[in-house]
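User: Please take a close look at one loop of this model, and then go on from there to the parts you think a first-year student should read next. Longer explanations are welcome.

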Amino acid sequence: MVDDSLNRTGASLLIDALQKNGINNLYGVVGIPITDLARLAELRGMKYYGFRREDSAVDSAAAAGFLTKKPGVAMTVSAPGFLNGLTALAQATKNCFPLIMISGSSERHIIDLAQGDYEGLDQYNVAKPFCKKAYRVDRAQDVGLAVARAIRTAVSGRPGGVYLDLPADTIAQLNDDLGEKNMGIYKLVDPAPLQEPSDDAINRAVNIIKQAKKPLIILGKGAAYDRTEKQVQELINKTDIPFLPMSMAKGLVPDDDKHSAARSLSLKNADVVILIGARLNWMLSYGDAPQFNPDAKFIQLDIDATQFDSAQKISAPLQGDLTSILNKLVPALTATGYKVPSDWLDAIAQDTAKNDAKFAKRIKAGETNPEFGYYGAIEPINDYFQEHPDTYLVSEGANTLDIGRDMIGMKLPRHRLDTGTWGVMGVGMGYAIATAVETGKHVVALDGDSAFGFDGMDVETMCRYNLPITVVVINNGGIYNGVDNVVPDQLGPTTLDPTGRYDLIAKAFGGDNYYVTNYQEMKDTFATAVDSGRPSIINVQIDPSMGKESGHIGNLNPELNLKPLEEAEQKKIDKE
């Protein structure tokens, strides 16, 4: 009789259940108690990508979920490793990225009696507030069911993070229910069912839009995730409604499309705002005046009814998956023959042209400015993306993120990933690695020097797997900038090393490194680095004075009146 005990372990059943449901990539950091689980996954044909820190691994799995519409899967060790991954789990849930974070854990009876297990922590209960749902698997025979529940929870409704608690005993435990067909492993049937809105809801929205003189569409990353580009483009092209994309929705409609709206003018004047996969949170000033027209009516397309009326009255809520909603809304609206009044389009076009002209001057000045800064550093990146639109961009930082978002035009959907709803730094390397793995395409990770410091060690991961990622570190020697010295004998709180050679990190692990100090060097270097398909870092040394406090969201950073204390410090210097 053949010994099939390994096939009946919780570890083997976990791998079988994931593969049965089309999940073949794992991201993680191994250690007690999951090391052999990762080895077994590789022996069974899965691809395991090992990271240097758990939050990067979980971020990577989250990005995989966004790009594939299947939950990315990350594995961590117990307690400290679990806690390291917890921020990324919460981030995925806030960003609506489908993710399953699996952590090895201590036995429940030891935890409940506080007997002091190795890396003991009640992980199951700790995780609950930070994800859509947490599940604990105490019996090997329940592994298949647990995976099925985790997958369905992660992708159905509003996608998000799921925590799967896997005690050490369950990993090695045998499923002795020999009468159970297929060991409880099965492929889910329709894990994210389509949900159509009612005809009444569609008619209500159409009637409001028909009366609009100055309508505006706001596209969120939910629209990108749900692959709505065909329907969105049809809606815009047939009605001429202008659109404004949130950062990860850029490319659903090409940024250079004639319907692209100037942000300030369109928000302040729109009388009907159509939210497609976007939420009225802090990133949209909650829909409040003066950023928005106080008399605007809102139409919101969302899978989750709890998002309606979260900040403003929603005059036409459309609940369902975005594809199903648009499949009904677009023909219903276009059948009325509705077209946007030309004066609204003319006003937007004029304002856009004015803004573009101002922006073009800044960019042009950046080419020759003796104080080399963001515009001169980022312009060659935009030039490359216009010629090579099927390149992926991952970005984080303050000024680097904000100015890069304004400058780099996207032509294809889901080709830009960034810090998202929470604005959490440290996602860059994880997102970039998953993007390269899942798409096989070239990836540019555009980071500020401060942001890069959160996860820079995973450059080693990038090099170890020889991934086609070019990391661009915009180095101004500080958080926001590198000129914050308020006390003479101390470094300022925002000061970093303005002479740091971040590019040499790539060299240390066999990647390519480049160091540039002006526009022409960046222009000559960038395409070479990306086209090589090699892992590389470009250290872009800009002037430490470049960069303003908190980038575009300085209003969120409370200011204290420090001037009297600063003047007192200066007087001390003068006396000396």
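Analyst:
**A proline in a loop, and what to look at next**

P290 sits in the loop that runs between strand β9 (272-276) and strand β10 (297-302), and the model in which we look at this loop is a predicted one. The peptide bond that leads from A289 into P290 is cis, with an omega near 10°. This deserves a pause, because most peptide bonds are trans, just as most residues other than glycine have a negative phi. A cis bond also joins I32 to P33, where omega is about 5°, and P33 again belongs to a loop, here the one between β1 (25-28) and helix α2 (35-43).

Phi, the other backbone angle mentioned above, leads to two further loop residues. E119 is not a glycine, and yet its phi is positive, at about 50°; you will find E119 in the loop between α5 (108-112) and α6 (123-127). With a relative accessibility of 23%, E119 counts as partly exposed, because that class covers the range between 20% and 50%. Y480, likewise not a glycine, has a positive phi of about 80° and lies in the loop between β15 and α20 (503-508), where its relative accessible area of 24% makes it partly exposed as well.

Strand β15, which comes before the loop of Y480, takes us to the sheet. Six strands build this open sheet, with parallel pairing and in the order β13-β12-β14-β15-β17-β16. At the edges are β13 (416-417) and β16 (512-516), each of which has a pairing partner on one side only. For β16 that partner is β17 (residues 536-541), to which it is joined in the parallel sense over five bridges; within this pair, Y514 has I538 of β17 as its bridge partner. Helix α17 (residues 428-439) packs on the sheet, where it touches β12 (392-396), β13, β14 (443-448) and β15 (469-475), and its direction makes about 170° with that of β12. Helix α21 (residues 519-531) also packs on the sheet, touching β14, β15, β16 and β17, with a direction at about 165° to that of β16.

Helix α21 has a helical neighbour to examine too, for its axis and that of α15 (residues 374-387) come within 9 Å of each other and cross at roughly 40°. The two helices are therefore oblique to each other, because an angle of this kind is neither under 35 degrees nor in the range of 65 to 115. The crossing of α15 and α21 is right-handed. Among the residues that make the contact are G376, P380 and Y384 on α15, and Y519, F526 and V530 on α21.

A last point concerns the cysteines, since the count of disulfides comes to zero. The closest cysteine sulfur to that of C96 belongs to C131 and is 14 Å away, so the distance is too great for a bond, because a disulfide would need the sulfur atoms within 2.5 Å. C96 is buried, at 11% relative accessible area, and C131 is buried too, at 9%.

Definitions and conventions. Residues are numbered from 1 along each chain as its sequence is written. This is a predicted model: local features need pLDDT of at least 70, side-chain atom pairs count only at pLDDT 80 or more; totals for chains, interfaces and linings use all residues. Side-chain values use heavy atoms; hydrogens and water are left out. Two strands pair if DSSP finds at least two bridges between them. Helices (H or I, at least four residues) and strands (E, at least two) are DSSP runs, numbered from the N terminus. Contact means heavy atoms within 4.5 Å. Axes are lines fitted to C-alpha atoms, for helices over the stretch in contact, and angles run from 0 to 180 degrees between N-to-C directions. Buried means under 20% relative accessible area, exposed over 50%, partly exposed in between (1.4 Å probe, protein chains only). Angles under 35 degrees count as roughly parallel, over 145 as roughly antiparallel, 65 to 115 as roughly perpendicular and the rest as oblique. A crossing is left-handed if the near helix is turned anticlockwise from the far one by less than a right angle, and right-handed if clockwise.
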